[in-house]
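Here are a few quick notes to go with the model, meant for someone opening it for the first time. Have a look at it first, then read on.

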Amino acid sequence: VVFCDDVPGGAGLVKRILNYLPDILLAARDRVSFDCCGPVTSCSECLRNYRNQPFHDELKRGLARAFLDEVVQALNYNRDG
């Protein structure tokens with residue numbers, strides 16, 4: 001995973017993200033853990049938004065959840081500390 005700030009000269013957003021990375025990853029995992037749609041598809045409740053419209057058919061909630069589960073486990077993050 002690569003984080004980059006696409007604002008010329010940078011806006012400091014990557015530094016802010018890194019300060020809150022555990023919370024961001026856990027919130028992302030929670031978002032794709034809802035039973036809002038099937039695991040081989042996605043919806044506006046979990047992954048789809050206006051900016052990623054060209055990729056809606058490729059976005060799969062189950063794959064995103066599996067990926068985030070592995071990242072959270074590898075980094076040993078959990079809701080309890």
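What percentage of the 81 residues of the chain count as buried?

1. The answer is 20%. Keep in mind while reading that this is a predicted model.

2. On secondary structure, the chain has three helices and zero strands. If you walk along the sequence, you get the pattern α-α-α.

3. For overall dimensions, picture a box of roughly 40 × 35 × 15 Å, set along the principal axes, which the C-alpha atoms fill. As for how the chain meets itself, take the contacts between residues at least 6 apart in sequence: 41% of these join residues at least 24 apart.

4. Now the outside. The chain has an accessible surface of about 6300 Å², and carbon and sulfur atoms account for 54% of that surface.

5. Charges next. There are 10 positive and 11 negative side chains in the chain. Take the centre of each set, and the two centres lie 2 Å apart.

6. One spot to find on the surface is a nonpolar patch of about 430 Å². Val 1, Phe 3, Leu 18 and Phe 67 make up this patch.

7. Let's stay with one member of that patch. Val 1 sits in the segment before α1, the helix that spans 13–19. Is Val 1 buried or exposed? Its relative accessible area is 82%, and exposed means over 50%, so Val 1 counts as exposed.

Notes:
Residues are numbered from 1 along each chain as its sequence is written. This is a predicted model: local features need pLDDT of at least 70, side-chain atom pairs count only at pLDDT 80 or more; totals for chains, interfaces and linings use all residues. Side-chain values use heavy atoms; hydrogens and water are left out. Helices (H or I, at least four residues) and strands (E, at least two) are DSSP runs, numbered from the N terminus. Buried means under 20% relative accessible area, exposed over 50%, partly exposed in between (1.4 Å probe, protein chains only). Contact means heavy atoms within 4.5 Å. Accessible areas come from the Shrake-Rupley method with a 1.4 Å probe; for residues, only the protein chains shown count as cover. Lys and Arg count as positive and Asp and Glu as negative; His and the chain ends are not counted. The place of a charge is taken as NZ of Lys, CZ of Arg, CG of Asp or CD of Glu. Patches are made of residues with over 30% relative accessible area and no salt bridge: like charges are joined within 9 Å, nonpolar side chains (Val, Leu, Ile, Met, Phe, Trp, Tyr) within 5 Å. A salt bridge is a side-chain nitrogen of Lys or Arg within 4 Å of a carboxyl oxygen of Asp or Glu.
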